[in-house]
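Thanks for making the time this morning. I would like to walk you through one structure, starting inside a single chain and working outwards to the way the two chains meet.

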There are 2 protein chains.
Amino acid sequence: MDIEQQSLFRAFREYRWDEVTCQPYKEEGAAPFKAISRQVLFAEPQLGCELRYFEMAAGGYSTLERHEHMHAVMILRGHGRCLVGQAVRTVKPFDLVSIPSWTWHQFRATEGEPLGFLCMVNALRDRPQLPTEQEVAALKAIPAVAAFLEG
Amino acid sequence: MDIEQQSLFRAFREYRWDEVTCQPYKEEGAAPFKAISRQVLFAEPQLGCELRYFEMAAGGYSTLERHEHMHAVMILRGHGRCLVGQAVRTVKPFDLVSIPSWTWHQFRATEGEPLGFLCMVNALRDRPQLPTEQEVAALKAIPAVAAFLEG
């Protein structure tokens, strides 16, 4: 296989891809999260977006956050739940989830099963914002959201 | 389920999505292709890219074409082969394929099985170019490419 061909075709093995590094989700201590990894599948200078694959181990979760940029998500592996704004839903493979601007969101894998998803996002984007204590309290005033956030 | 929630979560059933229309691949007669459909999963004005799902029935194929914009592809369903430049490869679920600018490309489903893939592409992009007879002849001078193009 020559170099050109390697860059054109990257094979898949158990939710890992050749030439794609499995990276930490975020810098340790930057924000609360648990048992989640990040693989950047496509990030070409010619493309306006990147395509990333995130995977949480059983019981893992992403950071509760919001930002101006939106996310376009497709679940690929396993089951879990996600919070988008004030709505909590269960998700399964191939479900689509839109996360609009400035909307609190978090993904959680169910116990006993990892949750993996693709996330398309603008290459140029703002940094996420974490909730204040008051904002967490406001979210927890909604019983379904409180149950979700408490795992 | 209220309207806001409907737009955030779209469920999947057998490679079809709620609120996503299964469209013709291209206008009939615009270019050669066979047994292929297109579903636009995400095309938000805020995103620099669109995410589409293309599916070919068994033995179907996409148009042999090239263009300035690039494609970032992930196979989702079934098996087939693809031509990228002068390289022909078999593809299986979750394989990644990059299609660089101005590179001839075509996907073909194997006999007996559909082939479905995600394709991320810039929202603003040029129109595809079809090969001239001379360009097809030059591609067919490569035995593996000739075998691919002849199905």
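**From one strand to the two-chain arrangement**

Let me begin with a single pairing: M74(A) has L118(A) as its bridge partner, and L118(A) belongs to strand 12 of chain A. Please keep in mind throughout that this is a predicted model. That pairing is part of a longer run, in which strand 7 of chain A and strand 12 of chain A, residues 115–122, are joined by 6 bridges and run antiparallel.

Strand 7 of chain A also pairs with strand 10 of chain A, again in the antiparallel sense, here over 4 bridges, and within strand 10 of chain A the residue that stands opposite A72(A) is S98(A). How many of the residues of strand 7 of chain A are buried? The count is 8 of the 8 residues in the stretch 71–78, so strand 7 of chain A is largely enclosed by the rest of the structure.

Strand 10 of chain A takes us across to the other chain, since 2 bridges join this strand, residues 96–99, to strand 1 of chain B, and the two run antiparallel. One of the residues involved is V97(A), whose bridge partner in strand 1 of chain B is F9(B).

Turning to the contact between the chains as a whole, 30 residues of chain B are in contact with 30 residues of chain A. On the chain B side, the elements that give two or more residues include helix 1 (3–8), strand 1 (9–10), strand 6 (49–61) and strand 12 (115–122) of chain B, and the residues of that side divide into 19 nonpolar, 7 polar and 4 charged.

How are the two copies related? Chain B is superposed on chain A by a rotation of 180° with 0.0 Å of shift along its axis, at an RMSD of 0.0 Å, and the copies are thus related as by a two-fold rotation axis. The residue of chain B that comes closest to that axis is G48(B), at 2.2 Å for its C-alpha. Moreover, 100% of the interface residues of chain B are also interface residues in chain A, so the copies meet through the same surface.

Finally, the core. In soluble globular proteins, nonpolar side chains tend to be buried together. Here the largest nonpolar core has 72 residues, of which M120(A) and M120(B) touch the most other members. Leaving aside residues up to four places away in sequence, M120(A) touches C49(A), L51(A) and A72(A), and also F42(B), L47(B), C49(B), L51(B) and M120(B).

Terms used:
Residues numbered from 1 in each chain as written. Chains lettered and ligands numbered in written order. Predicted model: local features only at pLDDT ≥ 70, side-chain atom pairs only at ≥ 80, totals over all residues. Contact = placed C-beta atoms within 7 Å. Nonpolar A, V, L, I, M, F, W, Y, C, P; charged D, E, K, R; others polar. Pairing = 2+ DSSP bridges. Buried ≥ 20, exposed ≤ 12 C-beta atoms within 10 Å, placed from the backbone. Least-squares fit on C-alpha atoms with pLDDT ≥ 70 in both. Core = buried A, V, L, I, M, F, W, Y, C linked by C-beta atoms within 7 Å.
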